[in-house]
Amino acid sequence: MLKFDDAPKKPTNLSLNSKVLEMARELGMNISQTVDALLAEEVRRRYWEKWQEENKEAIEEYNARIAREGLPLARYRSFGRSLGDGRKKD
């Protein structure tokens, strides 16, 4: 999991829409905190999007194997038996 909580802050310059900035200040928003939170959220989203794309083939192969062979150790489950073993019925 991506965690950014304990990282030190680093000063930076941003160019923001002046009207949006003015309105945010009028609303008492902490600009730095808001941008930091939104940027972290976008970084996480893009990271996992990239990860899924890079691992797409492995995920598809795993899902195909489960569809073909069922879930590992499924026969030992004492719950969810009505859900089947994960294999597709022919």
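Glu69 and Arg65 pair up through their side chains in a salt bridge, at 3.7 Å from N to O. The term covers a side-chain nitrogen of Lys or Arg within 4 Å of a carboxyl oxygen of Asp or Glu. Both residues sit in helix 3, four residues apart, or about one turn of the helix. Glu69 is partly exposed, with a relative accessible area of 49%, and Arg65 also counts as partly exposed, at 33%. (Buried here means under 20% relative accessible area, exposed means over 50%, and partly exposed is in between, with a 1.4 Å probe and protein chains only.) Elsewhere, salt bridges with shared partners link Glu42, Arg45, Arg46 and Glu49 into one network.

A word on what you're looking at: this is a predicted model, where local features need pLDDT of at least 70, side-chain atom pairs count only at pLDDT 80 or more, and totals for chains, interfaces and linings use all residues. Residues are numbered from 1 along each chain as its sequence is written, and side-chain values use heavy atoms, with hydrogens and water left out.

On confidence, pLDDT is the predictor's own score for each residue, from 0 to 100. The protein chain has a mean of 88, and 86% of its residues reach 70 or more. Helix 1 (residues 18-26) has the highest confidence at 97, while helix 3 has the lowest, at a mean of 93. Where pLDDT is low, don't read the predicted coordinates in detail.

As for the fold, the protein chain has three helices and zero strands, giving the pattern α-α-α along the sequence. Helices (H or I, at least four residues) and strands (E, at least two) are DSSP runs, numbered from the N terminus. Of the 90 residues in the protein chain, buried ones make up 8%.

Helix 2 (residues 31-54) has 24 residues, so at 1.5 Å a residue it should span 34 Å, and its end C-alpha atoms are indeed 34 Å apart. That expected span is 1.5 Å times one less than the number of residues. At its N-terminal end, Asn30 acts as the cap, with a side-chain oxygen 3.2 Å from the backbone nitrogen of Ser32.

Back to charges: the whole structure holds seven salt bridges. Here are some of them, with their N to O distances.

| Pair | Distance |
|---|---|
| Asp36 and Lys9 | 2.7 Å |
| Glu54 and Lys50 | 3.8 Å |
| Glu69 and Arg65 | 3.7 Å |

Asp36 is in helix 2 and Lys9 in the segment before helix 1, so their salt bridge ties together parts that are 27 residues apart in sequence. The C-alpha atoms of Asp36 and Lys9 are separated by 9.5 Å. Asp36 counts as partly exposed at 38% relative accessibility, whereas Lys9 is exposed at 69%. Glu54 and Lys50 both belong to helix 2, four residues apart, about one turn of the helix. Glu54 is exposed at 56%, and Lys50 is exposed at 53%.

Which residues make the nonpolar surface patch? Tyr47, Trp48, Trp51 and Ile59 do, over about 360 Å². Patches use residues with over 30% relative accessible area and no salt bridge, joining like charges within 9 Å and nonpolar side chains (Val, Leu, Ile, Met, Phe, Trp, Tyr) within 5 Å. Areas come from the Shrake-Rupley method with a 1.4 Å probe, and for residues only the protein chains shown count as cover. Helix 2 supplies the largest share of the patch, three residues. Ile59 is in helix 3 (residues 56-69) and counts as partly exposed at 33% relative accessibility.

Methods
A polar contact is a pair of N or O atoms within 3.5 Å; within protein, one must be able to donate a hydrogen and the other to accept it, and residues adjacent in sequence count only if both atoms are side-chain atoms.
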